[in-house]
Amino acid sequence: MNTKVPTSSTAAEDQFGQRLAARLSAGNRELPHDIGERLRVARAQAVAARKLPPQLRTASRGGAVGPHGPRWVAAGGPASVRWCR
Amino acid sequence: LATEQELSDFLKSVERRAFKRSVYHVRDEEAALDIVQDSMMKLAQHYGDKPAAELPMLFQRILSNCTLDWFRRQKTRRALFSNLSDFDSVDDDGDFDLLENFVSPTDSRETESAEDTTRRAQVFHEIEEQIAALPGRQREAFLMRYWEEMDVAETAAAMGCSEGSVKTHCSRAVHALSKALKAKGISL
């Protein structure tokens with residue numbers, strides 16, 4: 001069953017939602033150091049594994065595509081790295 | 001094409017909220033970290049060659065999907081249904097009065113005492129509890145719409161539902177939160 005929500009209440013709902021979200025933001029400014037550190041590592045791994053267009057993949061390895069193509073791309077990489085526990 | 005720095009900056013800007021959002025959903029910090037890590041990796045691996053402007057929407061969508069995947073991987077029926085089966089849940093907010101729990105927006109932070117600070121922390125934790133207790137789709141819509149500050153269309157796209165559904169989920173979430181906080185004697 002779907003209950004139709006009166007449009008007239010939307011502004012008050014939005015205002016209330018925004019105030020709740022502001023409280024949430026204020027309380028979430030700091031995370032425990034280890035959490036922040038693990039997020040930082042995850043970010044670094046993701047950035048290292050990012051997808052690049054072929055021409056940039058080869059350029060980032062310091063040269064043009066060789067006769068055998070950009071073979072380093074298939075060499076795996078940080079994508080498989082998981083959290084160190 | 002987002003540069004490496006843009007991708008890194010983007011991830012840095014969203015990772016903490018993404019983590020907390022995941023914690024609210026799965027109530028497990030380790031699982032939340034895995035979800036965020038998977039989301040970051042998928043974004044980078046599959047969409048790292050997209051323009052920077054497209055990253056926020058893509059990431060929100062990936063984060064939602066990774067969260068759903070986590071639930072799907074859970075073997076217990078209870079875990080699944082207590083968090084995800086509320087797509088079509090019927091909420092009865094009949095006797096609710098939003099404005100009753102909504103006081104003046106003027107704030108007096110400058111006069112906050114230690115007692116006020118403690119009270120503020122208590123309120124924060126209570127808000128977290130109540131958000132975590134929301135039905136999954138309501139929580140997701142609420143957090144995207146108000147915490148991530150996405151508009152209705154963006155939220156609908158990220159959640160894979162209609163704008164009308166987003167509005168309904170958000171409205172029900174706000175009403176449920178207001179009612180629950182009011183019951184705890186908390187006014188915002």
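A residue is called buried when its relative accessible area is under 20%, and exposed when that value is over 50%. With these terms in hand, the reader may turn to the structure shown above, which is a predicted model.

Chain A offers a simple starting point. It contains 3 helices and 0 strands, and its elements, followed from the N terminus, run α-α-α. Of the 85 residues in chain A, 33% are buried.

Chain A does not stand alone, and the next topic is its interface with chain B. Here 55 residues of chain B are in contact with 44 residues of chain A. Between them the two chains bury about 4600 Å², and carbon and sulfur atoms account for 61% of this area. The interface also holds 13 residue pairs in polar contact, in which both residues have a pLDDT of 80 or more. On the side of chain B that touches chain A, at least two residues come from each of helix H1 (4–26), helix H2 (29–47), helix H5 (114–133), helix H6 (136–147) and helix H8 (163–183). The largest share of that side, 12 residues, is supplied by H2(B). Sorted by class, the side of chain B that touches chain A comprises 28 nonpolar, 12 polar and 15 charged residues.

Charged residues lead to the subject of salt bridges. Side chains of opposite charge can pair when their charged atoms come close. Over all chains the count comes to 10 salt bridges, and 4 salt bridges are found across the interface of chain B and chain A. One salt bridge joins the side chains of Glu30(B) and Arg38(A), with a distance of 2.8 Å from N to O. Another pairs Arg145(B) with Asp14(A), whose closest N and O atoms are 4.0 Å apart. This second pair crosses between chains, from helix H6 of chain B, where Arg145(B) lies, to helix H1 (residues 10–27) of chain A, where Asp14(A) lies. Are Arg145(B) and Asp14(A) buried or exposed? Both Arg145(B) and Asp14(A) are buried.

Salt bridges also occur within chain B. The side chains of Lys20(B) and Glu128(B) meet in one, at 2.9 Å from N to O. This pair links distant parts of the chain, as Lys20(B) belongs to helix H1 of chain B and Glu128(B) to helix H5 of chain B, 108 residues apart. Lys20(B) has a relative accessible area of 13% and is therefore buried. Glu128(B), at 13% relative accessibility, likewise counts as buried.

A further salt bridge in chain B connects the side chains of Arg137(B) and Glu140(B), with an N to O distance of 3.3 Å. Arg137(B) and Glu140(B) both lie in helix H6 of chain B, where they are 3 residues apart, about one turn of the helix. Arg137(B) counts as buried because its relative accessibility is 10%, and Glu140(B) is buried because its relative accessible area is 9%.

The cysteines form the next topic. A disulfide is a covalent bond between the sulfur atoms of two cysteines. How many disulfides does a search of the whole structure find? The search finds 0 disulfides over all chains. Cys66(B) is in no disulfide, and the nearest cysteine sulfur, which belongs to Cys161(B), is 18 Å away. Cys66(B) is buried, with a relative accessible area of 4%. Why does Cys170(B) have no bond to Cys161(B)? The sulfur of Cys170(B) has its closest cysteine sulfur in Cys161(B), 9.1 Å away, and this is too far for a bond, because a disulfide requires the two sulfur atoms to be within 2.5 Å. Cys170(B) also counts as buried, at 4% relative accessibility.

The last topic is the backbone angle phi. Most residues other than glycine have a negative phi. Arg27(B) is not a glycine, yet has a positive phi of about 55°. Where is Arg27(B) placed? Arg27(B) is found in the loop between H1 and H2 of chain B. With a relative accessible area of 53%, Arg27(B) is exposed. Glu149(B), also a residue other than glycine, has a positive phi near 60°. Its place is in the loop between H6 and helix H7 (152–159) of chain B. Glu149(B) counts as exposed because its relative accessibility is 67%.

Key: Residues numbered from 1 in each chain as written. Chains lettered and ligands numbered in written order. Predicted model: local features only at pLDDT ≥ 70, side-chain atom pairs only at ≥ 80, totals over all residues. Heavy atoms only, no water. Contact = heavy atoms within 4.5 Å. Buried area = accessible area lost by both parts, 1.4 Å probe. Polar contact = N/O pair within 3.5 Å; in protein donor to acceptor, adjacent residues only side chain to side chain. Helix = DSSP H or I, 4+ residues; strand = E, 2+ residues; numbered from the N terminus. Nonpolar A, V, L, I, M, F, W, Y, C, P; charged D, E, K, R; others polar. Buried < 20%, exposed > 50% of the residue type's maximum accessible area, 1.4 Å probe, protein only.
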